[in-house]
Amino acid sequence: MEVDCLLGEHMGAQHLEAHMGHHLVEAHMDTLPLALREECMGVAQSQEGRMDSLLIPMVLPSLDLMEQVVLEVSGHVPPGVDPEAFSWFQSVDADHSGYITTKELKQALVNSNWSAFSDDTCLMMMNMFDKSKSGRIDLYGFSALWRFIQQWRNLFQQFDRDHSGNITCNELHQALCQMGYNLSPQFSQLLVSRYSQKGCTPGIQLDRFIQTCTLLQTMTEAFREKDTGMTGTARISYEDFLMMSASRML
C-alpha cells in the first residue's frame with residue numbers, strides 16, 4: 001500500500017476538530033503500521049516536534065485513513081462511537097470515504113415496517129449534524145445522530161401503545177401533551193393527515209414522528225424568543241414570522 005498516495009487522496013477532505021486530532025493520534029499511533037506511523041511522526045518532527053494548531057491541518061488529512069487501518073488491524077471501535085452506529089457506518093460507507101452523504105444516510109435508516117426514512121427527515125437530520133455544512137457527516141457525526149434517533153425511537157415505542165409501528169392521532173396527541181405542549185386534538189389530526197403514508201392506515205411512522213417533533217421543538221424555541229413574557233402570545237411582523245420559520249425548517 002502506497003502511504004503517500006493514500007494520504008494524498010485525503011488531503012482535500014474535511015477534517016475533525018483539533019482536539020479530536022490529538023485524541024486519535026495519541027490513542028492509535030502505537031497500533032499503526034510502521035510505514036504510516038513514520039509518515040505521521042516525520043510530519044510532526046518537521047514542525048519542531050509539536051502537535052500544535054499549525055500542524056493539525058497537515059496531520060488530520062490522514063486521520064480517516066489512520067482509523068480505517070487501525071480498525072482493519074485491531075477491530076476496535078473508536079472512543080466515543082456507538083458500536084452499533086459504527087457497524088452501520090461501515091456497511092453504508094461502501095466507498096470507504098470516511099463520510100456518509102444524505103443518500104447513504106437514507107440507506108442506513110428504516111422504519112419498523114422496513115420502509116426507508118423520508119428524504120425530508122434525512123435532510124433535516126443531516127443539516128442538524130453536518131457541522132461543517134459540507135453535505136456529509138463523518139463517523140463521529142453519524143454516531144451522535146444515531147444516539148439522537150435511538151432516543152426518539154424509545155419515545156416513539158412508548159407512545160405506540162398498540163405496537164403497530166404507527167402513531168395514531170390520539171397517540172400523537174397524548175405524546176404531545178406529555179411533552180408539555182398545550183395543543184388541540186385538531187392540531188394532531190392535521191399532523192397525522194399531513195405525514196401519513198398514502199394508502200395506509202392513518203398514522204405516522206418513526207421518521208415522520210422525529211421530523212414533526214423536532215420541527216415543533218425548534219419552532220417553539222423560536223416563538224419563545226418573541227414571547228418574552230411567557231404568556232403564550234407574541235406580536236411579530238409577517239417577515240419576522242417567515243424568517244423565524246425558514247431559519248428553523250431549512
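Is W152 buried or exposed? W152 is buried, with a relative accessible area of 11%; buried stands for under 20%, exposed for over 50% and partly exposed for what lies in between, using a 1.4 Å probe and protein chains only.

Before going on, note that this is a predicted model, in which local features need pLDDT of at least 70, side-chain atom pairs count only at pLDDT 80 or more, and totals for chains, interfaces and linings use all residues. Residues are numbered from 1 along each chain as its sequence is written, and side-chain values use heavy atoms, with hydrogens and water left out.

**Stop 1: the aromatic rings**

Keep W152 selected and add F148. Both residues lie in helix α9 (residues 139-159), four residues apart, about one turn of the helix. Helices (H or I, at least four residues) and strands (E, at least two) are DSSP runs, numbered from the N terminus. F148 is buried too, at a relative accessible area of 14%.

A search of the whole structure finds seven aromatic pairs. F148 and W152 make an edge-to-face pair, 6.4 Å centre to centre with 75° between the planes. Rings of Phe, Tyr and Trp (its six-membered ring) pair if their centres lie within 6.5 Å; planes under 30 degrees apart are stacked, over 60 edge-to-face, and the rest tilted.

Next select F156 and F209. Their ring centres are 5.5 Å apart and their planes stand at 70°, so this pair is edge-to-face. F156 belongs to helix α9 and F209 to helix α12 (residues 206-226), so the pair ties together parts that are 53 residues apart in sequence. F156 counts as buried at 5% relative accessibility, and F209 counts as buried at 0%. Add F129 to the selection: F129, F148, W152, F156 and F209 form one aromatic cluster.

**Stop 2: helix α8**

F129 leads to helix α8 (119-129). The buried residues of α8 are T121, C122, M124, M125, M126 and F129. They pack against β1, α7, β2, α9 and α12.

**Stop 3: strand β2**

Select I137, which lies in strand β2. I137 counts as buried, at 2% relative accessibility. Leaving aside neighbours within four places in sequence, I137 is in contact (heavy atoms within 4.5 Å) with residues including G98, Y99, M126 and F129. The C-alpha atoms of I137 and G98 are separated by 8.5 Å, although the two are 39 residues apart along the chain.

**Stop 4: Y99, R136 and E104**

Select Y99 and R136. R136 lies over the face of Y99, at 3.8 Å from the ring centre; a charge sits over a ring if NZ of Lys or CZ of Arg is within 6 Å of the ring centre and within 35 degrees of the ring normal.

Now add E104, in helix α7 (residues 102-108). Leaving aside neighbours within four places in sequence, E104 is in contact with V92, D95 and Y99. The side chain of E104 reaches the backbone nitrogen of T101 at 3.0 Å.

**Stop 5: two loop residues**

Select H96, in the loop between α6 (83-92) and β1 (99-101). Its phi is near 55°, a positive value in a residue other than glycine. Finish at K133, in the loop between α8 (119-129) and β2 (136-138). K133 also has a positive phi, of about 55°, although it is not a glycine. K133 is exposed, with a relative accessible area of 64%.

Notes: Polar contact = N/O pair within 3.5 Å; in protein donor to acceptor, adjacent residues only side chain to side chain.
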